[in-house]
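Work through the exercises below with the chain on screen. Try each task before reading its solution.

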Amino acid sequence: MKFVKILVVDDEENILQVIKAYLEKNKYIVYEADTGRGAIHLFETLKPDLIVLDLMLPDMTGEEVCRMVRKSSNVPILMLTAKSSEDDMVNGLMIGADDYITKPFSPRELLARVISLLRRTIQPQLGNMSLLSYAQGDLTMDLERYEVRIHEEPVSFTLMEFKLLEILAKHPKRVFSRLELVNLTQGDTYEGFERTIDVHIKNIRQKIGDDPKHPVFIGTVFGVGYKFLVSHDVY
């Protein structure tokens, strides 16, 4: 089971706690650092999936932290800082930040940017696979033709159901929260209900014959969301 780990670096305790609360509410695992050296230590030991980085830290600058991280990693970095000039933003992006948000900030906007960055890092991992096969060919997906087959028999899917199954199937064992799935399938601006994901998952399970009590393909992670249970077939 893989949960998304986010390292939040800021020397202001109240900001740390606000960000932590928002991210944890959305099922991310949050680690905190209030110094640059602490951030580097946690980065090296925890290998986070994303870093939210303040620039004005007591022992070293966020820019120095960013440069050190970039020597060994392409982990997404979202700079969060009171430095709001155009030059500051350009410099932050030039030294390796993936996004930049200034204080005071909206926690909701920060969350949306985090999800957006994670989506960008997820998508390249999908590669150029157009034909997916699982459980020795019991379930196959043709991504170019939008076809799903169970035991070689085609099954009719809506576009939403296809997108959901594709996202889950391309990341075996990775846990997706309902909010992540909403954003990955509908975009950040969609304002529908996360629980609609449950309805779509129910339909997908029925169509592929997956018993939710004894699932083969789609598992429920209670209180979080869903994950795909089997790895790609290797031929």
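The exercises go from the whole chain to two sheets and the helices that touch them.

This is a predicted model, where local features need pLDDT of at least 70, side-chain atom pairs count only at pLDDT 80 or more, and totals for chains, interfaces and linings use all residues. Residues are numbered from 1 along each chain as its sequence is written, and side-chain values use heavy atoms, with hydrogens and water left out.

**Exercise 1. The whole chain**

Task: Count the helices and strands of the protein chain, then describe its burial and contacts.

Solution:
- Step 1. Take helices (H or I, at least four residues) and strands (E, at least two) as DSSP runs, numbered from the N terminus. The protein chain has eight helices and twelve strands.
- Step 2. Box the C-alpha atoms along the principal axes: roughly 60 × 35 × 30 Å.
- Step 3. Call a residue buried under 20% relative accessible area, exposed over 50% and partly exposed in between (1.4 Å probe, protein chains only). Of the 235 residues, 49% are buried.
- Step 4. Count a contact when heavy atoms lie within 4.5 Å. Among contacts with a separation of 6 or more, 59% join residues 24 or more positions apart.

**Exercise 2. The four-strand sheet**

Task: Give the strand order of the open sheet of four strands, and follow its pairing from one edge to the other.

Solution:
- Step 1. Two strands pair if DSSP finds at least two bridges between them. The order is E6-E7-E8-E9, with antiparallel pairing.
- Step 2. Find the edges. Strand E6 (131-134) and strand E9 (153-155) each pair on one side only. Neighbouring strands are turned by 25° against each other on average, direction ignored.
- Step 3. Start at E6. Four bridges link E6 to strand E7 (residues 139-142). Serine 133 sits opposite threonine 140 in E7.
- Step 4. Cross to E8. E7 and E8 share four bridges, and threonine 140 faces arginine 149 in E8. Their hairpin has four residues between the strands, and tyrosine 146 takes a positive phi near 55°.
- Step 5. Finish at E9. Three bridges join E8 to E9, with valine 148 opposite valine 155. Two residues separate these strands in a hairpin, where histidine 151 has a positive phi of about 50°.

**Exercise 3. The faces of E8**

Task: Which side chains of E8 are buried, and which are not?

Solution:
- Step 1. Val148 and Ile150 point to one face and are buried.
- Step 2. Glu147 and Arg149 point to the other face and are not buried.

**Exercise 4. The three-strand sheet**

Task: Trace the open sheet of three strands and place the helices that pack on it.

Solution:
- Step 1. The order is E10-E12-E11, again with antiparallel pairing. Strand E10 (176-177) and strand E11 (218-221) are the edges.
- Step 2. Four bridges connect E11 and strand E12 (residues 225-228). Glycine 219 has lysine 227 in E12 as its bridge partner.
- Step 3. Take angles from 0 to 180 degrees between N-to-C directions, with axes fitted to C-alpha atoms, for helices over the stretch in contact. Helix H6 (residues 159-169) touches E10, E11 and E12, at about 65° to E12. Helix H8 (residues 196-208) touches E11 and E12, at about 150° to E11.
- Step 4. Two bridges hold the pairing of E10 and E12. Phenylalanine 176 has tyrosine 226 as its bridge partner.
- Step 5. Return to H6. This helix also lies across E6, E7 and strand E8 (147-150), running at about 110° to E7.
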